[in-house]
Amino acid sequence: MARLPSPQEELKERYGPHLNYVPPGGWSEASRQPPEKLVKTHCCFCGQQCGIQLKVRNNQVIGFEPWEEFPFNRGMLCPKGVKRYMQSNHPDRLLNPLLRTDSGFRDSTWDEALDFTVRRLREVQERYGKDAVALYGGASLTSEKSYLLGKFARVALGTRHIDYNGRLCMVSAGTAYKLAFGVDRSPNPWSDIPEAQVVLVTGANVADCAPITTDYLWRCRDNGGKLIVIDPRMTPVTRNADLYLPVRPGTDVALLMGILHVVLREGWEKRDFINRHTLGFDEVAKSVQPWDPRKTAELTGVPPESIERAARWFAGAERAIALHARGIEHQSKGVENVLSVINLCLATGNIGRAGAGCMMITGQGNGQGGREHGQKCDQLPGQRSISDPEARRHVAKVWGIEPDEIPQAGYSAVEIMEAIHRGEIKALLSICFNPLVSLPDAGFTREALERLEFFGVVDFFLSETAQHADVVLAGSLQEEEEGIVCSAEGRVLHIQKAVDPPGNARGDIRIYVDLAHRLGKKKFFPYRDGHDIFEELREASRGGPADYFGITYEKIDDQMGVFWPCPTLDHPGTPRLFEGFRFFHPDGKARFVVAEYRESGDPVNEEFPVYLTTGRVVSQYLSGTQTRRIGALVDQHPAPRLEIHPRLAETLGIKPDDWVTVTTRRREITLQALVVKTIRPDTVFIPYHWPGQQSANQLTHRTLDPRSKIPEYKVSACRLRKAEEPPDWARTGKAHASANSSFPILEERY
Amino acid sequence: MFGYEFYVDPSRCIGCQSCINACAECETHRGHSMIHVDFIDRPSSLASVPFVCMHCDDPTCAQVCPADAIKKNEDGVVQSSLKPRCIACSNCVLACPFGIPKVITEFEQMMKCDMCYDRTSAGKRPMCATVCPSQALAYVTPEKIGRRREQPSNTFYFGRQKVTTKVFMMLPPEHQALNVDVVDYMWEGES
């Protein structure tokens with residue numbers, strides 16, 4: 001059913017991605033007029049949620065002005081933030097709902113599109129049961145929308161299958177933090193980073209993925225702090241690392257255990273803290289016993305003396321911070337990798353104090369808030385467990401239903417796609433998610449989408465995934481609806497509505513409320529706008545770990561953000577968790593949890609001898625639905641390149657800029673080589689923002705972490721060969737050649 | 001802005017090109033960026049360097065201009081060429097020791113960074129230094145920059161040419177000036 005209705009070229013011609021290079025009205029004309037208003041809001045990209053002021057005129061975003069008073073970024077913005085306004089008034093923007101025809105899509109009225117959607121959802125549920133329908137949400141949505149989606153799935157549709165693309169982002173960290181601390185949030189505010197004497201950055205390409213955090217690291221160095229970086233690639237922050245540990249992909253847990261081994265061997269652990277405030281230390285101590293520096297070095301490829309030094313610095317500091325992100329989390333042992341970071345921090349007493357702690361760098365715009373209020377398959381609002389009877393009672397009361405009417409936990413994001421593939425789930429309603437680009441094993445995803453009996457999408461652009469839809473409901477950009485988000489720091493922020501959705505496009509909230517009404521559930525969805533939903537969300541979160549009850553829009557504006565938990569209206573919020581060493585488990589103690597090394601789900605062998613790892617570039621965001629439409633950001637990185645070390649390249653006869661075919665156990669793609677000494681010689685890297693034959697996720701595999709269900713994007717096995725000729729996309733398009741490429745020197749040199 | 005100075009610290013640069021993108025937003029040259037970001041040697045390193053105009057005290061670009069088109073303001077900011085005078089000959093492009101000016105063929109005029117004159121004259125910080133995520137480009141007070149690990153200098157030796165500038169370059173502590181030529185380290189008799 002959900003096959004592409006017309007050839008790719010036609011869809012591309014009509015719906016893009018086209019490149020927008022100019023503000024509304026051009027550089028020299030309309031956009032030069034003074035704005036009617038400056039709207040203080042936040043960037044739509046990434047979990048840092050930088051403050052930004054959008055210039056608005058004639059109901060159009062015409063530019064931006066830095067917001068220097070906002071304390072997190074103080075005016076700083078990465079190139080995505082600078083150019084974000086170019087997504088408004090974009091020629092590709094969907095202005096009407098679309099219905100699929102035999103030859104493509106046609107514009108439709110809202111009544112027709114909504115009625116069709118509701119009819120098909122009902123037909124599927126009547127024929128196959130309630131759980132035959134699944135919902136996908138996204139972590140770029142406001143918390144109000146996330147909350148609405150969770151309630152829509154469980155109350156309006158009665159399905160247990162709802163999950164979101166944060167499943168590809170923060171779940172390993174979240175699972176580990178809940179196990180260790182009883183709560184899923186970065187314990188320290190970012191302002192703690194410059195206060196640390198040692199910062200360990202592990203599996204976090206800070207400069208490209210969380211650029212503003214770079215300034216925090218540099219300020220730490222200005223204060224005399226030392227920087228340790230663990231990564232198979234030298235990323236830009238490595239240029240100032242005092243110690244660089246080039247870990248072999250997938251062996252992070254061993255390296256971190258090796259560091260803890262040295263700490264314990266030397267007796268540097270903080271016994272008093274461990275005895276009074278933690279449980280489980282002895283088991284962890286025993287588990288790191290075998291990981292002496294020599295054995296650790298052999299597995300991880302990191303020199304024994306570097307392991308010793310990292311341990312000495314981290315344990316020797318009065319205040320140390322460990323920052324981690326997807327590098328260690330996107331693995332089939334992602335939870336264990338994070339647990340081993342936490343174990344190191346607990347053993348050295350680095351938690352619950354200024355300048356001391358472990359911090360996850362949440363990736364997506366509302367990556368934190370988007371996972372707290374109910375679009376995660378196993379959670380109810382307030383970060384409550386859906387299997388907890390008390391939580392079900394509380395939320396059922398707020399929703400006006402019986403606790404038994406709330407379905408139990410459903411499948412996670414990748415499991416939903418697998419259930420679609422095997423025919424268990426027949427219909428999908430998706431928003432803010434581009435699984436064809438972002439899920440692993442893209443060929444499998446495409447097969448699954450083609451098996452859907454009904455596929456509805458809410459989107460503002462026709463993403464690669466939306467091209468497969470039966471109906472596309474034209475939704476809203478971040479700047480078109482008011483709401484809240486929660487940044488990587490745990491700081492709840494106010495997203496302002498700057499402009500109305502253009503044409504006949506509608507706010508996402510109105511679309512889902514409308515659908516709920518048409519499904520006959522009007523009394524459960526009485527919302528006029530996001531504010532109504534927020535008032536209910538406050539109640540629903542009350543008493544949960546992520547307690548928002550004391551937060552109001554006005555309070556956020558007054559304080560420039562409120563850190564949760566904030567249980568009462570007179571509570572100032574909680575910038576730093578665990579002060580006084582009170583953790584969120586009922587006994588108040590933190591847990592050491594044993595982590596173990598095991599092989600990747602896609603192991604290297606003679607046939608596939610090279611590690612493949614994937615990640616981001618600074619000018620693109622996730623699946624690129626928005627950023628591949630902004631000219632300046634595309635020019636910076638027009639196409640993915642294969643990073644390969646000259647030592648490996650030489651053995652394969654690959655020279656700089658050669659085309660190289662990368663093959664994994666799934667499929668192969670051909671990319672141009674970027675021969676650089678900034679990556680391990682046993683590893684290659686591909687950024688993942690592109691679709692089709694440029695997609696890194698054609699190559700990746702679907703092995704999941706057993707607890708967090710995150711896919712193992714960071715470790716695959718591949719083989720490489722020099723390609724005879726460029727791939728089709730490089731011969732027909734201009735995609736790979738640009739005067740403004742990031743690597744002008746490289747191009748001149750060769 | 002009174003009390004604020006411009007500082008460039010290549011060691012902080014992450015090559016993100018935020019500055020380039022932000023520069024194009026400026027009122028006096030919308031759509032055109034006046035900033036250069038170079039990867040020094042990408043095959044070997046991620047080191048990158050951002051360059052804005054250094055605003056020399058005695059600008060070489062103005063010295064070599066046959067049309068007398070390049071002027072310095074009282075506050076030390078060297079402006080883009082005066083459109084009625086500029087003949088787009090590129091003398092300045094060739095002569096600038098820092099490689100800053102560009103001849104924009106579309107306008108047949110040399111243009112370069114004017115330290116966001118439209119912003120700084122109205123009490124706002126330059127766009128690039130405001131947005132720079134690593135603060136490799138910084139427009140702050142001398143007191144604030146003094147807290148950094150690297151320290152500012154505005155004296156450069158290009159062989160026998162001594163250049164002092166309005167913009168400061170951050171150097172490792174204890175470096176008073178930046179010497180770029182072996183000649184700067186040689187004894188060639190009393191000069």
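Reader: What stands opposite A:Arg57 in β3(A)?

Author: The partner is A:Gln60 of β3(A). Please keep in mind that this is a predicted model.

Reader: What makes β2(A) and β3(A) a pair?

Author: Two strands count as a pair if at least two bridges link them. Strand β2 (residues 51–57) of chain A and β3(A) have six bridges, in the antiparallel sense, so they qualify as paired.

Reader: Why are β1 and β3 of chain A said to stand at the edges?

Author: Look at the strand order, which is β1-β2-β3 (chain A) in an open sheet of three strands with antiparallel pairing. β1 (37–42) and β3 each have a single partner strand, so one side of each has no neighbour in the sheet. As for how the neighbouring strands lie, they are turned by 35° against each other on average, direction ignored.

Reader: Let's go to the helices. Why are α16(A) and α18(A) called oblique?

Author: Helix α16 (residues 413–421) and helix α18 (residues 442–451) of chain A pack at an angle of about 55°, and their axes are 8 Å apart. Roughly parallel would need an angle under 35 degrees, roughly perpendicular 65 to 115, and roughly antiparallel over 145. The angle of about 55° fits none of these, so the helices are oblique to each other. The crossing of α16(A) past α18(A) is left-handed.

Reader: Which residues make that contact?

Author: From α16(A) come A:Met417, A:Ile420 and A:His421, while α18(A) gives A:Phe444, A:Thr445, A:Glu447, A:Ala448 and A:Arg451.

Reader: How do you know how many of them are nonpolar, polar or charged?

Author: Sort them by class. Met, Ile, Phe and Ala count as nonpolar, Glu and Arg as charged, and Thr and His fall among the others, as polar. That matches four nonpolar, two polar and two charged residues.

Reader: What makes up the side of chain A that touches chain B?

Author: In total, 37 residues of chain A are in contact with 29 residues of chain B. The elements of chain A giving two or more residues are β3 (60–66), α2 (79–83), α7 (213–222), α22 (631–636) and α25 (744–749). α7(A) has the largest share, with five residues. By class, this side of chain A holds 22 nonpolar, seven polar and eight charged residues.

Reader: And how many residues link domain 1 and domain 2 of chain A by contact?

Author: Domain 1 covers 98–168 + 367–520 and domain 2 covers 171–360. Eight residues of domain 1 of chain A are in contact with seven of domain 2. On the domain 1 side, one is nonpolar, four are polar and three are charged. The centres of these two domains are 35 Å apart, taken over C-alpha atoms.

Key: Residues numbered from 1 in each chain as written. Chains lettered and ligands numbered in written order. Predicted model: local features only at pLDDT ≥ 70, side-chain atom pairs only at ≥ 80, totals over all residues. Contact = placed C-beta atoms within 7 Å. Helix = DSSP H or I, 4+ residues; strand = E, 2+ residues; numbered from the N terminus. Domains from an automatic or database assignment. Axes fitted to C-alpha atoms, helices over the stretch in contact; angles between N-to-C directions. Left-handed = near helix turned anticlockwise from the far one by under 90°.
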